[in-house]
Amino acid sequence: MSIDSLPAQPHTNPAGIPAQVARMRRSFDAGRTRPLEWRTEQLRALEAMCSEEADDFIEALRADFGKPPIEALAADVAQGKQEAAAARKKLGKWTRPERVGAIPGIGRSYVHREPLGVVLIISPWNYPVGLLLSPLAGAIAAGNTAVLKPSEVTPHVSAALARHVARYLDPEAITLVEGGVEETSALLAERFDHIFYTGGGTVGRIVMEAAAKNLTPVTLELGGKSPCLVDREVDLKTTARRIAWGKFLNAGQTCIAPDYVLVHRDREEELVRELEAAARDFYGADPKRSADYARIVDRRHHERLSKLLGDGEVAFGGETDPETNYLAPTVLRHVSPESPVMQQEIFGPILPVLPVADLAEAIDFVNERDKPLALYVFSEDEAAQDRVLAETSSGGACVNGTVMHIMDARVPFGGVGPSGMGAYHGRHSFETFSHRKAVLRRGFRFDPKMLYPPYSERKRRILQRFL
Ligand code: NAD
């Protein structure tokens, strides 16, 4: 598919955005989204939308960048459905006031979760369905109204989301704005009660700056260079398959894709051979003909990635086709840490493999750089695994695997430092979109004079015993 065949990007008229946001505010203020019945019904509608329109989303994802249907379903469309279903089932438990204990003689303490208000969710193009609908599930569960802004870089998906959100969800409480910089800027000029942004750090800074004007809290789900550390004692065949899968999934356009590999120098040759064998096993001798291998999202990213190929020696792969935005699964060797491919998040199917003398050198290499969104350590030595986890910092981590830590919604998903702030998934999403209100409940029967003025020496002495 040539990018020229893409439709013109439909845009929401920016002039109408303030009224659109004001409508969401009125609905929130009127209490429309607070009842658990409304939340349950909307979560159910979100699940239905993901199931019934799955084929439409999968087709849009194919049209936008050739996302393989299985990846589209499992890693993208299903995300929103799973989050909505889990939230619906747990809603009663999550929203119940949490009793934390008593202050003797005073009263009982609780934490109440209350909705924040009107939230803005801005999402990127790489998993454009899931990264919009999965935070939305948390926003609905917590009882907010929401304004959604999908990425303009995947226009077929943006249009499909606009169509289905309007049809399935309550238009008085959930609305969608299509468009790019101009429309997002118009949105950011409005006051929200929370902004949930997923994308690159440059725009993340713009979002945070705009939010600061209204003291609006933000969740920033950003990216970074997620490293793989490969120890000397390890099953290299399995290691290579797990790295290659995480890297070449969605043609490397995954926020937690392995960005580069640091391998014990004694095993470098063998690892590269095994990575090549794994890629061939997955996508055949000519990945261009594989239905299971995605394309680069647009010409701009294709050009950026093609330039990075010159930053090392191509061990395998390296073929490109600008007409179809194809870039083969590629491993680079002899890469300088100062070269552009090691300075920017690659976000494509190019994997630099760098040899290191030992684990200590690999840990130092990671710690000299920004804290990544994910870190992967491959070792059969538990002490080595623990050492890497203890001596490095990353948003999340996986031992002897890649990417899959995102699958368990019981653990929070988010970055640290430059890879992001805040987290979500499952209960963590509900917490992100809720205010935790401290509530003390007292009765009338017991009202000790002790606590009130006039203060006396006797009261002071008694108090001192308790403090
Ligand atoms: P993108 O270009 O689609 O931008 C993200 C959003 O920001 C879009 O909705 C876009 O319209 C908006 N935007 C772009 N320019 C803007 C501007 N000047 N002002 C206001 N809004 C603007 O996506 P991207 O940034 O290329 O996404 C890729 C990045 O996202 C990578 O760094 C990746 O690691 C990161 N990412 C992170 C996660 C995560 O969960 N942490 C998930 C996916 C992607």
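This passage describes the ligand site, the domains, the central features of one sheet and two backbone details of a predicted model. Residues are numbered from 1 along each chain as its sequence is written, and side-chain values use heavy atoms, with hydrogens and water left out. Because the model is predicted, local features need pLDDT of at least 70 and side-chain atom pairs count only at pLDDT 80 or more, while totals for chains, interfaces and linings use all residues.

The chain is divided into domain 1 (3-222 + 417-439) and domain 2 (227-410), with bounds that come from an automatic or database domain assignment. The centres of the two domains, taken over C-alpha atoms, are separated by 30 Å. Where they meet, 21 residues of domain 1 are in contact (heavy atoms within 4.5 Å) with 26 residues of domain 2.

Both domains take part in the ligand shell, each with at least three residues. A residue counts as near the ligand if one of its heavy atoms lies within 4 Å of it. There are 26 residues around the ligand, of which K149, S151, E152, L222 and E345 come nearest. By class, the shell has 14 nonpolar, eight polar and four charged residues; here Ala, Val, Leu, Ile, Met, Phe, Trp, Tyr, Cys and Pro count as nonpolar, Asp, Glu, Lys and Arg as charged, and the others, Gly among them, as polar. At least two shell residues come from each of α7 (181-188), β6 (194-198) and α8 (201-212); these elements are DSSP runs, with helices (H or I) of at least four residues and strands (E) of at least two, numbered from the N terminus.

Turning to polar contacts with the ligand (pairs of N or O atoms within 3.5 Å), a polar side-chain atom of K149 lies 2.8 Å from a ligand oxygen. The side chain of E345 places an N or O atom 2.6 Å from an oxygen atom of the ligand. The protein covers 90% of the 850 Å² of accessible area that the ligand has on its own, by the Shrake-Rupley method with a 1.4 Å probe.

Strand β6 also belongs to an open, mixed sheet of six strands, ordered β5-β4-β3-β6-β7-β17, where pairing requires at least two DSSP bridges between strands. At its edges are β5 (174-176) and β17 (420-421), each pairing on one side only. β6 runs parallel to β7 (residues 218-221) over four bridges, and Y197 stands opposite L220 in β7.

Two backbone details complete the picture. Most residues other than glycine have a negative phi, and most peptide bonds are trans. H334, however, has a positive phi of about 50 degrees, and the P453 to P454 peptide bond is cis.

Technical notes: Polar contact = N/O pair within 3.5 Å; in protein donor to acceptor, adjacent residues only side chain to side chain.
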